[in-house]
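Trainee: Please take me closely through the aromatic rings here, and through the helix packing that goes with them. I would like the cut-offs as you go.

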There are 2 protein chains.
Amino acid sequence: MSELEHFKALAAHAALAHVRPGSVVGLGTGSTAAFVIEELGRRLREGELRGITAVPTSLATDRAARDAGIPLVELGREGVDVAIDGMDEVTPGLDAIKGLGGSLAREKVVAAAAREFVLAADHTKGVSVLGERAPVPVEVLPFGHRRTAALLEELGCEATLRRTGGELYVTDNGNPVLDCAVPAGFDAHAFAAAVDRLPGVVAHGLFLGMASIAYLGGPDGVVTITRGAGGDGAAPS
Amino acid sequence: MSELEHFKALAAHAALAHVRPGSVVGLGTGSTAAFVIEELGRRLREGELRGITAVPTSLATDRAARDAGIPLVELGREGVDVAIDGMDEVTPGLDAIKGLGGSLAREKVVAAAAREFVLAADHTKGVSVLGERAPVPVEVLPFGHRRTAALLEELGCEATLRRTGGELYVTDNGNPVLDCAVPAGFDAHAFAAAVDRLPGVVAHGLFLGMASIAYLGGPDGVVTITRGAGGDGAAPS
């Protein structure tokens, strides 16, 4: 395991403290979520946890969770107790960018359905302001995607249609993604509100005010960001 | 042709006055739009109009327009000159509910891309306030649609999953529709803004502040609603 992988595993294990016997758990997508799935499966197999069911946020997570022996359910009206997911950037105020993995729409549905939304990643995902390194991914309808890109650019970003190996990338929902590079000092709340209003947009990767806590694994252990006072970034556990 | 059909045709023909030689035209979906397509095709065939291209808002409109000999293009970055579409309800202030036909998402993309958005229908679609008769259709992702219905109901409506003949209805985009019955006196702008922010929502049928003019065909001819002073509902042409 590389050092970065080790940091992700540390954060994933810390996040699993929020899962209690009988919890309905939203399972995120990506490299840190993979450690969550693996460890949750182990705890179930070894009897450390009981009565868990989980809602997967992607086809990939669905497969991994089945392989790990985690009982899966569809997302119901009542939501989930806790969702655990990775992110591409998180601020000391717990605002996040997600979606470089492409599952932003389902991840946001589950995060919004969770009584507790827990982020976990390696420490390189901590930023002082959003957009420092990551673009804001925006999932759009295939119909009119060129026009939707033009409307996004009118909001002041640079929108690039995501491709993988020359092919148009599509999400599990069958939609393309526009990666929107935002200028330094952009107003994330204003941008999110404007994108929410744009016809043709299915979901965007700004998760503002949604997370209740974030765990960042790094060389000094796990740093915890909590709500209030802009986080306690100086408290490795 | 029934009387109501005749009224729709009257409105459709009035709306076509906004199409000029060389226009790129957004073609709506539904029973009034069918008259727009038929008459536009006739004018092109008989040389009354030249140089038109059109963007269809549904697979059904795509087929009908091809049958009518109208040259079709994909929606480009530059949008369209004029979009003509029907609606389920329109107020004297030109706010509308659309989407009982199921094409709301594509119709909204095209309406928002139009320099001029023209509504046409029979006179029974005129209402004093939105929600009098029609529910607000909301297209949602299949993933988590039960949870999305619960969130919509928290906004104060009654959400019913649309079915056709016992089968789950899905749009051209492959998504289900929740028909949201709103209470008398609901605040359309506040509801629209709240729905825009909900994860899992692809599009909703509130078209607020988008139309520039509406034509309502009825027993006294065509009544025109224009912007400013709440419309001139007393001016049959």
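**Rings, charges and helix packing**

Mentor: Let's begin with a charge and a ring: A:Arg162 lies over the face of A:Tyr169, 5.1 Å from the ring centre. To count as sitting over a ring, NZ of Lys or CZ of Arg must be within 6 Å of the ring centre and within 35 degrees of the ring normal. Please keep in mind that this is a predicted model, in which local features need pLDDT of at least 70 and side-chain atom pairs count only at pLDDT 80 or more, while totals for chains, interfaces and linings use all residues. Residues are numbered from 1 along each chain as its sequence is written, chains are lettered from A and ligands numbered from 1 in the order in which they are written, and side-chain values use heavy atoms, with hydrogens and water left out.

A second charge brings us to a ring pair: the charged end of A:Lys108 sits over the ring of A:Phe207, at 5.1 Å from its centre. For rings with each other, those of Phe, Tyr and Trp (its six-membered ring) pair if their centres lie within 6.5 Å; planes under 30 degrees apart are stacked, over 60 edge-to-face, and the rest tilted. That rule gives 4 aromatic pairs over all chains. One of them joins A:Phe117 and A:Phe207, whose ring centres are 6.2 Å apart and whose planes meet at 35 degrees, so the pair is tilted. The pair links distant parts of the chain, with A:Phe117 in strand E6 (residues 114-122) of chain A and A:Phe207 in strand E13 (residues 206-207) of chain A, 90 residues apart. Strands (E, at least two residues) and helices (H or I, at least four) are DSSP runs, numbered from the N terminus.

Are these two rings buried or exposed? A:Phe117 is buried at 2% relative accessible area, and A:Phe207 is buried at 1%. Buried means under 20%, exposed over 50%, and partly exposed in between (1.4 Å probe, protein chains only). In chain B, B:Phe186 and B:Phe191 form an edge-to-face pair, 5.8 Å centre to centre with 75 degrees between the planes. B:Phe186 is buried at 15%, and B:Phe191 is buried at 7%.

Now for the helices. Helix H1 (residues 3-15) of chain A packs against helix H2 (residues 31-45) of chain A at about 55 degrees, with axes 8 Å apart. Axes are lines fitted to C-alpha atoms, for helices over the stretch in contact, and angles run from 0 to 180 degrees between N-to-C directions. H1(A) and H2(A) are therefore oblique to each other; angles under 35 degrees are roughly parallel, over 145 roughly antiparallel, 65 to 115 roughly perpendicular, and the rest oblique. The crossing of H1(A) and H2(A) is right-handed (the near helix is turned clockwise from the far one by less than a right angle; anticlockwise would be left-handed). Among the residues that meet are A:Lys8 and A:His13 in H1(A), and A:Phe35 and A:Glu39 in H2(A), where contact means heavy atoms within 4.5 Å.

A:Ala15 also belongs to helix H1 of chain A, and A:Ala15 is buried at 0% relative accessibility. Setting aside residues up to four places away in sequence, A:Ala15 touches A:Ile84, A:Val118, A:Ala120 and A:Tyr215.
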